[in-house]
Amino acid sequence: MNISRITNIWSKVYYNPNRPISRVVIESTIPFQPEVKEEPLELTILAQGARANMFCETIEVYDGLIEWIRVSEHPQGVSFEIKTRYPSPWQITAEPGIPHRTIINFSRDYLFHLFASKVFVIDPGHGGDDTGGKGPVDMLEKNVTMSMATALQEMLKPLPCKTYLTRTGDYSLSQWARFNLALKKNAGIFISFHTFYSTDTSVEGTAVKYNPRAPSCEHLARFTLEEIIRKIKRSSRGIEPDPQLCHLGTMPALTVEPVVISNWVEEGLLRNPTLYKKIAQGIINGLIRFWEEEKREK
């Protein structure tokens, strides 16, 4: 009797036209019979009679819908517990081949509607002659903040919202010009990217500052900090008010410092393009938590 052996599991977000999905793919040597158990925020799939040819563990996803996937081996087969942030319609399909793929698609419609009509102004800090902080090797803050800003804009692009960058190249820009764009565009949220700098190269971690004049912005900062840390696995330097952001009135606004550029390890992390995507996803996850809380309080 041939036994289906599970060799891999992975997930990815797909933005199909008008139908964004989170896809979980289970790869195996041959097809297996799936037994499905559904709960409001969890879907469990048992690959009956299968054995695991991979390490069984909990895989963190945090893509705005799927929180984590727990893989376990039992006498009756291999189970996959998929934890979601909110209830979501799902569908299982199979893709024959080597490897055989069992595909579970989760609808992201809820998330799609959550971002509808939102307006973002994203600010890459510094620019031009204002280089910002410099890493122990050679990285400049003005360049990494641009990478952070464009990564967030790219991740927001498939969603039904509008995004504007305060600068699109390497040139100087006054703080007033940055704020004026946000006010002119009637932004729903202003996000400014920076890195922290210290003469003490042992200082590390993530911090988020917020507009103290904006209602509940402290909650937004806390959620954003927690979600960025969850994605990039750095220590917390906490949240605090940013008096400069008061010039935006009651507009929700954040100054995000994902890393300390003067830290040897964190400057090294800035060389990995994946870091910028994780920071962007962390910010989006923080926004989801914030807007969900707002909806519950209404």
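Let me begin with helix H2, whose buried residues pack against strand S1, strand S11 (119-124), strand S12 (162-165), strand S13 and helix H6; buried here means under 20% relative accessible area, with exposed being over 50% and partly exposed in between, for a 1.4 Å probe and protein chains only. What we are looking at is a predicted model, in which local features need pLDDT of at least 70 and side-chain atom pairs count only at pLDDT 80 or more, while totals for chains, interfaces and linings use all residues. Residues are numbered from 1 along each chain as its sequence is written, and side-chain values use heavy atoms, with hydrogens and water left out.

The helices (H or I, at least four residues) and strands (E, at least two) that I name are DSSP runs, numbered from the N terminus. Of the 16 residues in H2, 12 are buried, so that the helix is mostly covered, and among them are Glu141, Lys142, Met155 and Leu156. The expected span of a helix is 1.5 Å times one less than its number of residues, which for H2 gives 22 Å, and this agrees with the 23 Å between its end C-alpha atoms.

Now to the pockets, where a pocket is an open set of points on a 1 Å grid over the protein atoms alone, where a 1.4 Å probe fits, with protein on both sides within 12 Å along at least five of seven lines, and where lining residues have an atom within 4 Å of a point. The largest pocket holds about 580 Å³ of space, a volume being the space filled by probe spheres set on the points, which are joined across faces, edges and corners. Its lining has 18 residues, and Val61, Asp63, Met155, Lys231 and Gln281 lie nearest the centre.

Which elements each supply at least two residues of that lining? They are strand S1 (5-16), helix H2 (141-156), helix H4 (217-232) and helix H6 (273-297). Why does the largest pocket lie between domain 1 (5-107) and domain 2 (112-297)? Both domains, whose bounds come from an automatic or database domain assignment, give residues to the lining, and so the pocket lies between them.

The second largest pocket, with about 180 Å³ of space, is lined by 14 residues, of which Gln175, His194, Asp242, Gln244 and Thr255 lie nearest its centre. Helix H3 (175-184), strand S13 (189-193) and strand S16 (253-257) are the elements that give two or more residues to the lining of this second largest pocket.

Conventions
Contact = heavy atoms within 4.5 Å.
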